[in-house]
Amino acid sequence: MNDPAIFGIRHHGPGSARSVLKALRELQPDLILVEGPPDAQEVLPLAADAGMKPPVALLLYDPSAPRRAVYYPFAEFSPEWQAIRYGLQNGIPVRLMDLPQAIRLALEDAAEPETKPVEPMDESVTPKVVTVDLATEIASTDADSNSDSGSDSGSDTGSDADPDTDEGFPRFNPRHDPLRWVAEAAGYGDGERWWEHLVEQRQDSGELFQAIGELMSALRAEADAQSPPEIDEQRREAAMRIQLRAARKEGFERIAVVCGAWHVPALRGGPSAREDNAQLKGLPKRKLTATWVPWTYGRLTHASGYGAGVAAPGFYQHLWDSAGEPTTRWLARIAQLLRAHDLAASTASVIEAVRLAEALAALRDRPRPTLEELNEAALAVLCHGDATPLHLIEEQLSIGERLGEVPDYTPMLPLQQDLQRQQKRLRLPAEAGQRLLELDLRKPNDLERSQLLHRLGLLSIPWGKPERASGKGTFKEHWRLQWQPELAIAVIEANLWGNSVLDAATARARDQAQRDAELSALTDLVERTLLAELPDAVSEVMTRLQDVAALTSDIPHLMDSLPPLARVLRYGSVRQTDAGLIGHVVDGLITRIAIGLPAACSALDDEAAAAMFDKIRTLHTTIDLLQNPEQTAVWREALAKLVDQMGLHGLLAGHACRLLFEQGALPPPETARRMTLALSPSSDPAWTAAWLEGFLHGSGLLLLHHEQLWEILDAWVSQLSAEAFTALLPLLRRTFAHFPAPERRQLGERVRHGGAGRVVVARETEVDVARADRVLPIAAQLLGIV
């Protein structure tokens, strides 16, 4: 019986993938073993489906606790993906071999300290998601460790390092960075770059795998001499050897094994079958479910936190697609991208950039330009030394915004299927890149899109995030959409609430209503429920809101609860929802706030007064938005009580006076009288400064257009002593700093001219009545009054 052919690779490498594919074609194996979770063996045949388009990932999760999940990502240039596809397309059996994730997750649970269980769908808790590499990345700290804990891959020392020293320096353990020695001997700064240049960019395999095996054998011998392998590594390699022995017993003669390079020596030898079986005997297990989910190139990068990630998956995809002449095509793509963003990039510049990249590679004794040389050439020639376009190149080309696809018949839960149907029906596809979506709620399709996004928000599936609109129209919504792979876990978890998005959101809203005890949270839930168009949940949520509102006596909480309800009333006619259900609730809240506001504003310190100041401003804007005369009258009465209240903080007293003045409840003479009293010498200067801050907050036009107010303020400032003026100057500067720049400039001009610089009013001029009369018929037609 022939020995198995073991191909040691690194995950996500186009050179390794190309070499594996070539070696498999030459070997013509009768069985292919790929390092991966045996738990996913049932869904592995889907990899050969034409609808499966990488990047994708195997997802394994516990149905009873979906937050306990593991991803196994694949790109088209992943060696394991090419090996799996080759076997399935050519009728060759393909098996995944490794320690089952059912055992690994159970062992992690046993090792973790017991924690308080988390309620389902708690939005404040991040799901437990681990991303695992199928093949060992030989430049990582512990190539076999996929847990949340990790070490610095570039560190010379570690907790398990040999304390012995060589020439006064700590002895380096190869497990921490297996290729560092080799890379430094070859003149490279790190093992990752050495591997990329010598393996990933090569176009032929030759005796590559034999050389990798010999290199790993030497490195592991040195590592084993310093410290034994970690227990997880021993268990994983024992499981691989057991599965390899089982395949040989079944009579397979030409077995191909695709695994991480670090495991090659362990699969060629190692302990006996009895020792391996004893190593795995009695280990706990969990029941897991496996499926395929779309993945993104952004989640294949090191920056995303993926331990086996690469720096530039988009560039690796280009190397895979452009075997033979990647340099010219890559720089041409950069030029095309720059032109699409209105940046100059001529054909002559592309030719010059290619020459520069090749010259840099030759100077560095490299067989072809790497991404480093290509970026330098693009910066010097195509970007003209400006590094800003490089960020665009990195985001859209080097990394890329590709989102994979899975076949429609991939195993899914009912909620996942319903979401996909709605995405297709509403023409709202999931995309890896960010997308700004403007919805016109007067259109049925856009209205249903809005309802879907709001329902997903209730289910803690943040596919879309609402953006604040620039205008005041009620029929427009703006969303920022971006699909992240981990949202698949959120959808699986939300399936606990129902089999469709509508049913799940309704059940979630009902449950949330019973859990929320604060009025502000319930009013926010009412708004979200109405925006999501959940008629079966609205009545229950409203009943809960009325019960809690009747028992709530805290005025600040009542003030916080009003804005969401006001937004519902504003959107009601556009969204075709019955907003009248909450009209009487809003009336009751405003009345109770007006009655309790004076008491809530008494005896406040500076910090509490600032908080109440913000609440009053927000509430005033909300009531003004409702445009209800009765509610406005009730609110004015409450403000009138504030301005006459003894002992009120100056910030609140001044702002209440300003609000009444703006609404016409206080005429200018009365406002001037109150300002005179507030700025009288008998008043405390600090209280007066706070009164001014509240009165002038947001705009200084009052001073520019009302001479009497200007004179009162000018007289008050003039009578201040030098010590008092110095103490109050920071408060006054803070007040005036919030004014727009044109207003500050006009105020400064008026001060410079001694207060005489009133707003310039145009002089009356004689009007030619005859000429004006000739325009009136045309103006009447334009206005439609004739």
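This tour moves from a four-stranded sheet and its packed helices to a surface patch.

The model is predicted: local features need pLDDT of at least 70, side-chain atom pairs count only at pLDDT 80 or more, and totals for chains, interfaces and linings use all residues. Residues are numbered from 1 along each chain as its sequence is written, and side-chain values use heavy atoms, leaving out hydrogens and water.

**The sheet.** Begin with β1, β9, β2 and β5, which in that order form an open sheet with parallel pairing. Strands are DSSP runs of E with at least two residues, helices are runs of H or I with at least four, and both are numbered from the N terminus; two strands pair if DSSP finds at least two bridges between them. Select residues 5–9 (β1) and 94–97 (β5): these are the edge strands, each pairing on one side only. From one strand to the next, the twist averages 20°.

Next, select residues 31–35, strand β2, which four bridges join to the parallel β5. Within this pair, Leu-33 has Arg-95 of β5 as its bridge partner.

**The packed helices.** Residues 14–27 form helix α1, which packs on the sheet and touches β1, β2 and β9 (255–260); contact means heavy atoms within 4.5 Å. The direction of α1 makes about 170° with that of β1, where axes are lines fitted to C-alpha atoms, for helices over the stretch in contact, and angles run from 0 to 180 degrees between N-to-C directions. Helix α2 (residues 79–89) also packs on the sheet, touching β1, β2, β5 and β9, and its direction makes about 155° with that of β2.

**Helix α32.** Finally, select residues 769–783, helix α32, where Ile-778 is found. Ile-778 is exposed, with a relative accessible area of 54% (exposed means over 50%, buried under 20%, partly exposed in between, with a 1.4 Å probe and protein chains only).
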